[in-house]
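Trainee: Hi, could we look at this one together? I'd like to start with the surface and then move on to the empty spaces.
Mentor: Sure, let's bring it up.

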Amino acid sequence: MDRFHRIIIDGTAYEGAAVRRKATELHAASGGASWSVILETLLTDLSLHKGPLAVRTSGTTSPPKALSIPRRDLIASARLTAEAFKLHEGDRSLLCLPCEYIAGKMMVVRAFVIGLDLHIVDPRGAVLENLRTEDRFRFTAMVPLQLYRAIQEDKARVERQFDTVLLGGGPVSDALIEDLQGLRTRVYLGYGSTETITHVALRQLNGPERSTMFTALGDITFARDERGCLIVHTPHLTVKEHVTNDMVDLLDNRHFRWLGRHDNVILSGGKKIYPEQLEAKTSGLVPYPHFFAAFPDDKLGEGVMLVLEMSDPDEKVVQEVLDILKDVLDEHELPRRVMARRLFERTPNGKVIRAV
C-alpha cells in the first residue's frame, strides 16, 4: 500500500490528485507566501513521486548539505513517533513549523503514514494568534521560542489546546523548563538530526516523568567515541550508525545526558565548560541575544568570553549584564571578557552562528 496516497487535512481526506489540488488551494489561501510554496512542493513530491525525499540540513553545526531520505526510512521514523506518543489515525495534529527543514517535513510525513488529521498554519509569528480558541490538538512540534511565546501570551490556553508538544531545533532554557512545571500539556525535548530523520531519543520536561536524561526510542541504542561524543545506532534506518559531535554523559546504551557540542567546549583551568549549558541558565535573563565562547588565556589555557548582540557596548549596560550573570553562573563560569557585535551571523532558520 502506498503510504503517501492519502492525507487528512482539517477533517477531510484527500487522495491522489486531490492532494495536489489541496496543496494548490493552501498556497493560494496564504496569498502566495514562501512557506506555502515549500509546503505545496512537499505535498506534491510525497503524493506524486515514488523516490527518496530530498532534504537539506539546517547548517547549524556544519555547512548545509543535501540528503536523500528513502521512503522506507520516512515511514519507519513516523511509526517510531506514533509508538512513542501513542498516536493513532484521526488524531488532530498541528503543523506550525516551516517545511523547509526536516522537523516540518516530518509533520507532513506523519500525517500521511499515521493518518493524523493535520491542521496547517502560517509558521511565522505567534502560534496562538493563528488558532481558534476552540481548536484542540493531540500532538504538535514546535521550536522552544514558539512555546515560550505561547506560554507568556496565555498559559491556560496552551493547556486547553495542546495535549502533547514536542520541542526541537535547539536547547531549552532553564527559564522555559521552569515555566512548564505544573502545565497539564506534556512537553518533550527531542534529540535527533536530519541524518537520523528527527528524534531518536526523548526527554520529558514536565510532569511526574520529568527527567534530565534522554531515553532512546524503539530499538535505538547509543555508544560513545574516544572524544566522548555520542554514536547513535539506528537499526530501523538504512544508515545504521551516526557519529555525532555531541558530548554526552552516557548512562547506559539507552540513556544519556547531553553536555554540549564538542567544537564549542571551553577548557578553562582544567575544567570543561559547555557554552550551551551556560546559555540555558542565562537565556531569558540577559536582555540581548548572546552566546559564550573561548578566548586564549595565558593562565587558564582558555577563558570564558561573553559575546553580545548590541549596537552600543555601553559600559553601564555591560556591567548590568555581568551583575545578572553573577546570580546564575558559578565563579569559574563567569566571563573574563565581553565582546559586542552589532549583528550576529545566523543560519537560514535563524540559529546564531558562533563566529567570534
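Trainee: Which residues make the nonpolar surface patch?
Mentor: V143, L145 and Y148 make a nonpolar patch of about 230 Å². Patch members have over 30% relative accessible area and no salt bridge (a Lys or Arg side-chain nitrogen within 4 Å of an Asp or Glu carboxyl oxygen), and nonpolar side chains are joined within 5 Å. Areas are Shrake-Rupley values with a 1.4 Å probe.

Trainee: Where is L145, and is it buried or exposed?
Mentor: L145 sits in helix α5, residues 144-161. L145 is partly exposed at 46% relative accessible area, since buried means under 20% and exposed over 50%.

Trainee: Anything I should know about the model?
Mentor: It is predicted, so local features need pLDDT of at least 70 and side-chain atom pairs 80 or more, while totals for chains, interfaces and linings use all residues. Numbering starts from 1 along each chain, and side-chain values use heavy atoms, without hydrogens or water.

Trainee: New topic: what lines the largest cavity?
Mentor: W35, L95, L97, P98, C99, I120, V121 and P123 line the largest cavity, and its volume is about 30 Å³. A cavity is a set of points on a 1 Å grid where a 1.4 Å probe fits but cannot get out, and lining residues have an atom within 4 Å of a point.

Trainee: How does that lining divide by class?
Mentor: There are eight nonpolar residues, no polar and no charged.

Methods: 1 Å grid on protein atoms, 1.4 Å probe; cavity = no way out; pocket = protein on both sides within 12 Å on 5 of 7 lines; lining within 4 Å. Points joined across faces, edges and corners; volume = space filled by probe spheres on them. Nonpolar A, V, L, I, M, F, W, Y, C, P; charged D, E, K, R; others polar. Patch = residues over 30% accessible without salt bridge, like charges linked within 9 Å, V, L, I, M, F, W, Y side chains within 5 Å. Helix = DSSP H or I, 4+ residues; strand = E, 2+ residues; numbered from the N terminus. Buried < 20%, exposed > 50% of the residue type's maximum accessible area, 1.4 Å probe, protein only.
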